[in-house]
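The following report sets out the internal space, the sheets and the packing of one protein chain. Please read it beside the sequence and the coordinates.

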Amino acid sequence: MRIFKRIKDYRDWRDRIKGKIGFVPTMGALHQGHISLIREMKKECDISVVSIFVNPLQFGKGEDFNKYPRPLKDDLKICRIEKVDCVFLPDVKEMYPQEVKITIDPGWMGDVLCGIDRPGHFAGVLTVVLKLFMIIKPEIAYFGKKDYQQYVLIKRMTKDLNIAIKIVGCPTIREKTGLALSSRNKYLNENEKKDALLISKSLYYARERFSEGINKARQLQGFIKKIINTGANNKIIYIKCIDFESLQGKKVLRRGDVIAIAVRTGNTRLIDNIEL
């Protein structure tokens, strides 16, 4: 497995290799969700590349950039076990050698859902993803649908900017309890984790009601709110019923639409969603 910390070194290697390159961008703290992306990439591509970079541009004031988990040895071990061909491991100075003055504006699609309480977050996400695309030059890139808004925005960015990279969205990976895997789950104590389970429980309950014919957003949101609020540590940030492609809010849902949730459990911000 190759490890490159400098853009130039990666590009020199990239220019020498042949075959279809797949790419999984991460911020490290790898878990089974990331592993599922890597395995999907390995099925379809000749060369597998994973990046590990905690991107400061997507963290706002008071967020957890400095304490974000960085278990690098464990991450590299996982990449070796999964037979990743290359890990791109830049530091902040390598990615941002000077003040960033030009970023990618996600427009109104970045101001809804998570963008409401995380202003500027998706500009930071799209900027670093575009930079990584320009560096790695993959044919296919893989993203988890747990971060649904991020997935949709990246897919839209490649379409609007004519970036010739196929974006593959992969299903959310969950613990046996139903909790969506996230690097931030490590912040939860035992009681908070029990309350966090109510997030996925409420989503599955809403999908069952939808399958029975209840398609009004207000009703489904009410079911979800009631379940999540039984957790003493839970504070709902949003519950939104959205079009699967445009992210626009919907009053009446149809098959394929998405219910997206953000909840603060204790001090930890968690997101999840379900496709109907």
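## Cavity, sheets and overall form

The largest cavity is lined by K146, L179, A180, S182, N185, A196, I199, S200, L270, I271 and D272, where a cavity is a set of points, on a 1 Å grid over the protein atoms alone, at which a 1.4 Å probe fits but cannot get out, and lining residues have an atom within 4 Å of a point. Two or more residues of this lining come from each of α8 (190-211) and β9 (268-275); helices (H or I, at least four residues) and strands (E, at least two) are DSSP runs, numbered from the N terminus. By class, the lining has six nonpolar, three polar and two charged residues, with Ala, Val, Leu, Ile, Met, Phe, Trp, Tyr, Cys and Pro taken as nonpolar, Asp, Glu, Lys and Arg as charged, and the others, Gly among them, as polar. The space in the largest cavity is about 80 Å³, a volume being the space filled by probe spheres set on grid points that are joined across faces, edges and corners. The structure holds one cavity of 30 Å³ or more.

This is a predicted model, in which local features need pLDDT of at least 70 and side-chain atom pairs count only at pLDDT 80 or more, while totals for chains, interfaces and linings use all residues. Residues are numbered from 1 along each chain as its sequence is written, and side-chain values use heavy atoms, with hydrogens and water left out.

The chain contains nine helices and nine strands. Two open sheets are set out below; strands count as paired if DSSP finds at least two bridges between them.

| Strand order | Pairing | Citation |
|---|---|---|
| β1-β4-β3-β2-β5-β6 | parallel | six strands |
| β7-β8-β9 | antiparallel | three strands |

In the six-stranded sheet, β1 (2-4) and β6 (166-170) stand at the edges with a single partner strand each, so one side of each has no neighbour in the sheet. The twist there averages 25° from one strand to the next, with angles running from 0 to 180 degrees between N-to-C directions of axes, which are lines fitted to C-alpha atoms, for helices over the stretch in contact. Five bridges join β5 (residues 140-144) to β6 in the parallel sense, and A141 has I167 in β6 as its bridge partner. Helix α7 (residues 148-160) packs on this sheet and touches β5 and β6, its direction making about 165° with that of β6; contact means heavy atoms within 4.5 Å. Helix α3 (residues 72-81) lies across β1, β3 (47-52) and β4 (86-88), at about 170° to β3.

In the antiparallel sheet, β7 is joined by eight bridges to β8 (residues 258-265), and Y238 stands opposite A262 in β8.

The C-alpha atoms fill a box of roughly 55 × 40 × 40 Å along the principal axes.

Technical notes. On a 1 Å grid over the protein atoms alone, a cavity is a set of points where a 1.4 Å probe fits but cannot get out, and a pocket is an open set with protein on both sides within 12 Å along at least five of seven lines; lining residues have an atom within 4 Å of a point.
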